[in-house]
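Here is a quick tour of one chain, going from single residues out to the packing and the surface. Have the structure open as you read.

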Amino acid sequence: MSRNEGEFDAFRNEIDAAERRIAGEIEPGTRALVVAVLVFVLIGSFVLPHTGDVRGWDVLFSTHGAGRAAIALPSRVFSWLALVFGVGFSMLALLTRRWALAWVALAGSAVASAAGLLAVWSRQTVAHGHPGPGIGLIVGWIAIILLTFHWARVVWSRTIVQLAAEEQRRKLAAHDQSRTLLQTLDDPDHTQPPASNDTTQS
C-alpha cells in the first residue's frame with residue numbers, strides 16, 4: 001500500500017467515525033438551557049392546581065379529592081405523559097446527548113401536547129358544579145407544547161447534519177472507487193492473460 005493510499009484510508013476512517021458519532025449525539029447548544037427551563041416549569045406545574053384545589057400530583061395518584069373533582073381519563077393521561085416524556089426523557093436526552101432519546105422525548109411530548117388539549121377540553125365540558133381547568137394544567141400544557149417545538153428543532157438540525165455527513169460519505173466512496181479503477185488501469189503489472197497456444201492446424 002502506498003503512502004497516499006494509507007493517508008486516504010485514514011481520512012475515510014475519520015469521516016466514518018465522525019458520521020457515527022454525529023448519528024448518535026445531539027448538540028442542542030443554547031437551546032439546552034431553554035429545554036431545561038421548560039422542564040423545571042413543567043415540574044412546577046405539578047404542584048399547582050390542575051382543577052379546583054386538586055394539584056397535578058393528586059391527578060397522577062388520584063389523591064386529595066381527585067375523585068370528587070371528577071378527574072377524567074384525559075387529565076391523567078396528560079399528566080403521566082408530561083411526567084414521563086416531558087420531564088423524564090427530556091432530562092435523559094439533555095444529560096446523555098443521545099439522539100435516540102431526543103427522538104423519544106420529541107414523540108412523547110407531541111402526544112402529550114394532544115392529550116393536554118383533550119385534558120383542558122374535558123375540564124371545560126365537565127358537569128355543572130365541578131371546577132374547570134386550573135392554572136397548573138394550563139401552564140403544563142403550554143410547557144409541553146414548547147418542549148415539543150424545541151425538541152423538533154434540535155432533532156431536525158441534527159438530521160440535516162447527518163444528511164450532509166452521508167452525502168460526504170457517498171462522495172468519498174465514489175472517489176475511492178474511481179481511484180481504485182485508475183490504479184488498476186495504470187498498473188504496469190496488469191496485463192491481459194496470454195492467449196492460448198493450442199491452435200488447430202489445418
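## A word on "buried"

A residue is called buried here if its relative accessible area is under 20%, exposed if over 50%, and partly exposed in between. Keep in mind that this is a predicted model.

Ala66 is a good place to try that out. Its relative accessibility is 1%, so Ala66 counts as buried. You'll find Ala66 in the loop between helix 3 and helix 4. Setting aside neighbours within four places in sequence, Ala66 is in contact with Val54, Asp58 and Ile71. Gly56 lies 10 residues away from Ala66 along the chain, and the two C-alpha atoms are 9.8 Å apart.

## The overall layout

Zooming out, the chain has six helices and two strands. In sequence order they run α-α-β-β-α-α-α-α. The chain has 202 residues, and 33% of them count as buried.

What share of the contacts between residues at least 6 apart in sequence join residues at least 24 apart? The figure is 73%. As for the outside, the accessible surface of the chain is about 12200 Å², with 64% of it belonging to carbon and sulfur atoms.

## One salt bridge

How many salt bridges does the structure hold? There is one, and it pairs Arg55 with Asp58. The closest N and O atoms of Arg55 and Asp58 are 3.5 Å apart.

The two partners sit in different accessibility classes by the cut-offs above: Arg55, at 36% relative accessibility, is partly exposed, whereas Asp58, at 3%, is buried. Asp58 also ties back to the start of the tour, as one of the residues in contact with Ala66.

## Helix 2 against helix 4

Two packed helices are described by the angle between their axes and the distance between those axes. For helix 2 and helix 4, the axes come within 10 Å and cross at roughly 150°. From helix 2, the contact is made by Ala32, Val35, Ala36, Val39, Leu42 and Ile43. From helix 4, the residues are Ala82, Gly86, Val87, Ser90, Met91 and Leu94. As for handedness, the crossing of helix 2 and helix 4 is left-handed.

## Val155 in helix 6

Helix 6 covers residues 135–186, and Val155 is found in it. Is Val155 buried or exposed? With a relative accessibility of 2%, Val155 counts as buried.

Who are its partners? Beyond the neighbours within four places in sequence, Val155 is in contact with Trp99, Ala102, Trp103 and Leu106. Trp103 is 52 residues from Val155 along the chain, yet their C-alpha atoms are separated by 6.7 Å.

## A nonpolar patch outside

Back at the surface, there's a nonpolar patch made of Phe40, Ile43, Val47, Leu48, Trp57, Phe61, Trp80, Val84, Met91 and Ile135. Together these residues have about 900 Å² of accessible area. Helix 2 (31–45), helix 3 (56–61) and helix 4 (73–96) each give two or more residues to the patch. Helix 4 makes the largest contribution, with three residues. Two patch members, Ile43 and Met91, also take part in the contact between helix 2 and helix 4.

Leu48 is another member of the patch. Leu48 sits in the loop between helix 2 and strand 1 (49–51). Its relative accessible area is 31%, so Leu48 is partly exposed. Patch membership needs over 30%, a cut-off that Leu48 passes at 31%.

Conventions. Residues are numbered from 1 along each chain as its sequence is written. This is a predicted model: local features need pLDDT of at least 70, side-chain atom pairs count only at pLDDT 80 or more; totals for chains, interfaces and linings use all residues. Side-chain values use heavy atoms; hydrogens and water are left out. Patches are made of residues with over 30% relative accessible area and no salt bridge: like charges are joined within 9 Å, nonpolar side chains (Val, Leu, Ile, Met, Phe, Trp, Tyr) within 5 Å. Accessible areas come from the Shrake-Rupley method with a 1.4 Å probe; for residues, only the protein chains shown count as cover. A salt bridge is a side-chain nitrogen of Lys or Arg within 4 Å of a carboxyl oxygen of Asp or Glu. Helices (H or I, at least four residues) and strands (E, at least two) are DSSP runs, numbered from the N terminus. Buried means under 20% relative accessible area, exposed over 50%, partly exposed in between (1.4 Å probe, protein chains only). Contact means heavy atoms within 4.5 Å. Axes are lines fitted to C-alpha atoms, for helices over the stretch in contact, and angles run from 0 to 180 degrees between N-to-C directions. A crossing is left-handed if the near helix is turned anticlockwise from the far one by less than a right angle, and right-handed if clockwise.
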